[in-house]
Each structure stands twice: as C-alpha cells, then as structure tokens.
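This report introduces a single protein chain to a reader who has not met it before. The sequence and the structure are shown first, and the description follows.

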Amino acid sequence: MHIPDKPTLHPAKDPHTELADHHAVDKLNHGDAHGHDHGAGHASVKDYLIGFSLSVILTAIPFVLTMLKLMPTATLVPVILILGVIQIVVHLRYFLHMNSSSSQVWNNLAFIFTAIIVGILIIGSLWVMTHLNHNMAPGMMSGGGLG
C-alpha cells in the first residue's frame, strides 16, 4: 500500500474527512506534531502521573490528620484549607495545563476573573450571614411577648 508524502485535497463528502485533510496540511506547513494548536500545553504520561500522585498525597494528609486527631481543630482547619488550595494549583497545572505561556493568557484571565467573582460571592455570603446572626440573636428583640 502506497502512502503519499503530501495529502491530496479534494472536496470531501463528509466533514470528518475534510477536517482530517486540513489537519494533515497544517502538520506539513507548520511542522506541528499534532497538526493543531488549541492554546493549551500538551502533557506527557509522566506529568499526569505526577499530578495524580500529588493529588492522592494532598487528599491523604488531611484525612490522616483528621482521623488520627494529630492536631487541634483550630490548627487543623487552616491546614486543610491550605492543602486544598495547593491541590487546586496542582489540578490547574497538571490536569488543565494552565501555565504562564503567552498562549494561556486568555485562559488565565478567565480563571482569575472567575476566582474573583467566586471570592466575592463567598465573602459576601459569610458577611451577610454573620450580620444576620448578630442582629437576629435571641434577646436582641425588644418587647415582651405577642400579647
């Protein structure tokens, strides 16, 4: 079976064939091993294994600390929150392939905007609930009974 060096472009009968031909042309013209660039970094199996290992470790540490009661609660809660933030960074880096490259600028800006909005919602909700709890606490109401 002979495989041609360059793909032949012909009117495709289905869109899948046409798409395959365009990717082959991109591969020849740009020297891209994958034939396309979606702005995301491509990871290797090694990167996925590192990410998976770090995720398992970052999940196991809070579990062990909680089950064995190795820390007081006042210390344990901030430790779990910090490990959770570290795990978010691991997922962003190793599974979503977000980095500081120029092709990731829009993805990073969208992520930062989303994080700001979620932060505003969480902090605002906690602020409202705290003030409602303070203002609606028993004994704060004036007047005796209903009658």
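Just after helix 2, Lys69 adopts a positive phi of about 50°. The model is a predicted one, and this backbone angle is a feature of that prediction. Most residues other than glycine have a negative phi. Lys69 is not a glycine, yet its phi is near 50°. The residue belongs to the loop between helix 2 (45–67) and helix 3 (73–94). With a relative accessible area of 71%, over the 50% cut-off, Lys69 is exposed.

A second residue of this kind is His97, whose phi is positive at about 55° although the residue is not a glycine. His97 is placed in the loop between helix 3 and helix 4 (105–135). Is His97 buried or exposed? Its relative accessibility is 13%, which is under the 20% cut-off, so His97 counts as buried.

**Overall architecture**

The chain contains four helices and zero strands, and along the sequence these follow the pattern α-α-α-α. Of its 147 residues, 12% count as buried. Among contacts between residues at least 6 apart in sequence, 43% join residues at least 24 apart.

Confidence varies along the chain. The mean pLDDT is 79, and 65% of the residues reach 70 or more. Helix 2 has the highest confidence, at 96, whereas helix 1 (residues 15–30) has the lowest, at a mean of 51. Where pLDDT is low, the predicted coordinates should not be read in detail.

**Helices 2 and 3**

The lengths of two helices can be set against the expected rise of 1.5 Å a residue, as the table shows.

| Helix | Residues in helix | Expected span | Distance between end C-alpha atoms |
|---|---|---|---|
| Helix 2 | 23 residues | 33 Å | 33 Å |
| Helix 3 | 22 residues | 32 Å | 31 Å |

For helix 2, the distance between the ends agrees with the expected span. The values for helix 3 agree as well.

Which residues of helix 2 are buried? They are Gly51, Ser55, Leu58, Pro62 and Leu65. An α-helix has 3.6 residues a turn, so residues three or four places apart point the same way. The cover over the buried residues of helix 2 includes helix 3.

In helix 3, the buried residues are Leu76, Leu83, Gln87, Val90, Leu92 and Tyr94. These buried residues pack against helix 2 and helix 4. Towards its end, at residue 94, helix 3 also carries a contact of another kind: Arg93 lies over the face of Tyr94, at 4.8 Å from the ring centre.

**An aromatic pair**

The chain has one aromatic pair. The rings of Tyr48 and Phe95 have centres 6.3 Å apart and planes at 20°, under the 30 degrees that marks stacking, so the pair is stacked. Tyr48 lies in helix 2 and Phe95 in the loop between helix 3 and helix 4; the two are 47 residues apart, and the pair thus links distant parts of the chain. Tyr48 is partly exposed, with a relative accessible area of 36%. Phe95 is also partly exposed, at 30% relative accessibility.

**Record annotation**

An unreviewed UniProt entry lists residues 48–68, 74–96 and 108–129 under "transmembrane region". In the model, residues 48–68 are 95% helix and 0% strand, and the end C-alpha atoms of this span lie 30 Å apart. Residues 108–129 are 100% helix and 0% strand, with end C-alpha atoms 31 Å apart.

Key:
Residues numbered from 1 in each chain as written. Predicted model: local features only at pLDDT ≥ 70, side-chain atom pairs only at ≥ 80, totals over all residues. Heavy atoms only, no water. Buried < 20%, exposed > 50% of the residue type's maximum accessible area, 1.4 Å probe, protein only. UniProt positions renumbered as here; feature names shortened; annotations may be inferred. Phe/Tyr/Trp six-rings, centres within 6.5 Å; stacked < 30°, edge-to-face > 60°. Lys NZ or Arg CZ within 6 Å of the ring centre and 35° of its normal. Expected span 1.5 Å × (residues − 1). Contact = heavy atoms within 4.5 Å. pLDDT = per-residue confidence, 0-100.
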